[in-house]
Amino acid sequence: MTNGAREGSPDPRFAVWIGTTVVLFLVAVVVGFIWLPSVQKSPGAADFWGALCRAVGLPSGTGRASVPVAAQSASNVAWTVATRRQLTQGNAIRGGEQATTCNNCHGINGISADAAFPNLAGQSAAAIYKQLEDFKSGKRNAEVMGVYVSQLSEQDLLDLAAHFASLPNPYAATVNTSNSADSAARHLIEVGDPLRNLAPCAACHGPLGYTFGAPGLQGQQRPYLEQQMQALAAGSRRNDISEQMRSVARQLTVSEVEMLAAYYSNVAGFAAR
Amino acid sequence: MYGSNRLVLAHFWAAFIAFIVAILLGAWQMLVRSPLHHWVDPELYYRAVTAHGTTLAYVFPTLVAMGFGYALCAVSLGRPMHGVRLAWTAFWLVIAGAAMAIATVSAGHATVLYTFYPPLSGSPYYYIGILLAVMGSWIWIGLMVSHFGRWKRDHPGLPVPLAMFAITAGALLWAWTSLGVGAEIVFLILPNAFGWTATIDPGLARVLFSWTLHAIVYFWLIPTYIAFYVLLPQAAGGRLYSDRLGRIAFLQLLIFSMPIGLHHLFADPQIGAGFKFLHTVFTGMVAVPTLLTIFTIPASLEIAGRLRGGRGVLGWIAALPWDRPLVLASAFSLLMLGLGGAGGLINMSYALNSSIHNTQWVTGHFHLIYGGAVVIMYFAIAYELWPRLTGRPLAAPSLVRLQLWTWFLGMLIVTLPWHLVGVMGQPRRMAYFDYTDPALAPQAIWVSISAVGGFVLVFSALLLVGVLLASHRGAAVGQSPLKFSLAVHPPRFLPASLNGFRIWTLLVVALTIANYGYPLAQFLFLEHTGVPAYAVQAP
């Protein structure tokens, strides 16, 4: 083992090992990009080129499914990239100037004095914008709110949404009951009830996670929460885009609705957006 | 060690302090998500997981590799290091970056887990902290490469000592592979975290992270393998079976551990199946240096066993000096490497992977390999270095053996049940489970057992720190300097291919372009791949 080539003399190992690596690469390419796709005949890979495109990761002509994203009948709002960009255009200061009417019912800091009206402070701009837009288009029962929003422009809605989103989070004032782990309400909120096809509330409405446009519920007014769940169950409110909330609310018993509203109205948010 | 003692000690102590904190967090996490405890605030759970992962992935092994690298460099080259001030700068950069990142996580502003996959988005200070720590390690890379080059220039035609060759391979590996996460943070995450971009591209971010994600494990593994090759045969009283096989193994680790990272993205739609296959093939190749090592190291141990009078097919095993920490730890390490490696074959197979992808099996796998096989050798390295660094004997050898035994058993108690519940379908990274659900009830007993294992590991980790602390207070006696294993046939001359990295580095770059070029370049023309970030911020 001591008679290797001296430093400086040509070393054939380079050629052998690099050559081996190149051959390995070529074999892997032929197998992975040509042979396997052509024998597997996976969907969208009808012909040779389609199969090759799939292997590369290129959407092929035949395999490319177009997914139209359009507003559903439940709401005119769709969470497209364009909508999301639009949401960043809201001006919170202008919104604040316009919010004087809102403040009469929803409170000067976005915390309402009358428990029938929801708190708006600290909600995401997306959640507020969607509800305003739905009131305006009549997708959500607009008996009261319709009067106020019908005259507002698109930009006004964005500004108001930005304003309420910028107000201090009200959740800090509520009691964090997260340690009552065994309560039925917390179980429903954090685990759901798979046998009834109920997803955990907390996965979309916090505190575990927030899906885009879904309102955070911690610290919300208890009667308002109850009222909305009843309206969704009865079908008098139907602006949830994929009917997901109506499906949930219909499954809830009267006592569960009360329990959930009581729990959420008291729980502090520990992971707001 | 040629004036590097304080430098090396500082790195190891900083590493072990970070380690202790992370281990305590880890045991707490296992307890609170087990049936033995009521549910806790999931935000706290994920905060702890983020701190645990960040510390153990970016801080602890980096400090160990750096400290061990300085020791290897000074001793194997047989002369004092240059650039010691730079080395201290690097050290403080790592410490400052780590402190910044962990403080941000503790404050609840970056509960994004250590992989921080966008669109999850935390405070920019978390990412800047990680970047600072990585930049500190880049200084170390420069020092290793410069010592390697300077020694070679001063000793033309002579073989670079294996220890120096191996740590330089590790440094080059880290240099190339840390660019992935570096680019992800600088070009994608920070602009978004500061609000300069409206959307972030999760697919591109994940591909860049995968550039780092697999090879980082081999960066963690390099000190372990170096201990196998240059310390273990000497400690066992024998010789290294082959110096050249060792060099080949380290070269292969350098070449094959990086262009394979897409096997972490088997379930990702933005990568074509062909590239997943290509990376699977090269993942198979990275098993080769491990197989070489599994041949060379037991062969070296057999030489030692037979020199010590062991006879028969297996008699040499009993003749090995099992009371020495390095020998005992290496055996545990190889056992865990074997078990974990077998599991890894399942992870790397496109089809088999789908049955365990993102389950607790994966957590079990990398804890067994990294927390087990790799980290137990970090302990053994510390036990080997400590008397040389402090000039005092290692305190309580029997406690040292107890420490290694408890770490080995504790890690098996933790990870084997995790593998099992992973196969039963338990997803990883969950803050709590409802074990009263009939579908989950059978997992409860295994999760409880593994939680107990977590406390065995805490005991072992505290024992480690206790022994190392006590070893600073023994009577000062002259200690023999660190000696490296002699090969059966020590190389007098080596071919250029086994004595330098220039051409191999080019091969690494070429393979990266071949295996990662298109998966990265496709984001230049794919449309609508950006999404808004999902900010994780405490109220």
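Contact here means heavy atoms within 4.5 Å. On that basis, residues 24 or more positions apart account for 66% of the contacts in chain A with a separation of 6 or more. For chain B, 84% of the contacts between residues at least 6 apart in sequence join residues at least 24 apart. The model is predicted.

**Chain A**

Chain A contains 13 helices and zero strands, and its pattern along the sequence is α-α-α-α-α-α-α-α-α-α-α-α-α. Of the 273 residues in chain A, 43% are buried. The accessible surface of chain A is about 14,000 Å², and carbon and sulfur atoms hold 60% of that area.

One loop residue of chain A deserves a note on its backbone. A:Asn197 sits in the loop that runs from helix H9 (184–190) to helix H10 (202–205) of chain A. Its phi is near 65°, a positive value in a residue other than glycine. Most residues other than glycine have a negative phi, and most peptide bonds are trans. A:Asn197 has a relative accessible area of 67% and is therefore exposed, the cut-off for that class being over 50%.

**Chain B**

Chain B has 17 helices and two strands. Its radius of gyration is 23 Å, which agrees with the value near 24 Å for a compact globule of 539 residues. Along the principal axes, the C-alpha atoms of chain B fill a box of roughly 60 × 50 × 45 Å. Buried residues account for 61% of the 539 residues in chain B. The accessible surface of chain B amounts to about 18,800 Å², with 71% of it belonging to carbon and sulfur atoms. Chain B carries 26 positive and 13 negative charges, and the mean positions of the two sets lie 19 Å apart.

Helix H14 of chain B spans residues 360–390 and bends by about 30° at B:Val375. Of the 31 residues in H14(B), 29 are buried, so the helix is mostly covered under the cut-off of 20% relative accessible area. B:Gly391 comes just after H14(B) and takes a positive phi of about 70°.

Other backbone features of chain B lie in loops. B:Pro118 and B:Pro119 are joined by a cis peptide bond, with omega about 15°. B:Pro119 belongs to the loop between helix H3 (84–106) and strand S1 (120–121) of chain B. B:Arg429 is not a glycine, yet its phi is positive, at about 60°. The loop that holds B:Arg429 links helix H15 (397–423) and helix H16 (441–470) of chain B.

B:Gly312 is placed in the loop between helix H10 (287–307) and helix H11 (315–318) of chain B. The C-alpha atoms of B:Gly312 and B:Ile294 are separated by 20 Å, and the two residues are 18 residues apart along the chain. Because partly exposed covers the range between 20% and 50% relative accessible area, both B:Gly312, at 45%, and B:Arg429, at 26%, fall in that class.

The accessibility of the three loop residues is set out below.

| Residue | Relative accessible area | Class |
|---|---|---|
| A:Asn197 | 67% | exposed |
| B:Gly312 | 45% | partly exposed |
| B:Arg429 | 26% | partly exposed |

Note on methods
Residues numbered from 1 in each chain as written. Chains lettered and ligands numbered in written order. Predicted model: local features only at pLDDT ≥ 70, side-chain atom pairs only at ≥ 80, totals over all residues. Heavy atoms only, no water. Helix = DSSP H or I, 4+ residues; strand = E, 2+ residues; numbered from the N terminus. Rg over C-alpha atoms; globule rule 2.2 N^0.38 Å. Buried < 20%, exposed > 50% of the residue type's maximum accessible area, 1.4 Å probe, protein only. Areas by Shrake-Rupley, 256 points an atom, 1.4 Å probe, with all protein chains shown as cover. Lys, Arg positive; Asp, Glu negative; His and termini not counted. Charge placed at Lys NZ, Arg CZ, Asp CG, Glu CD. Bend = angle between axes of the 7 residues up to and from the residue.
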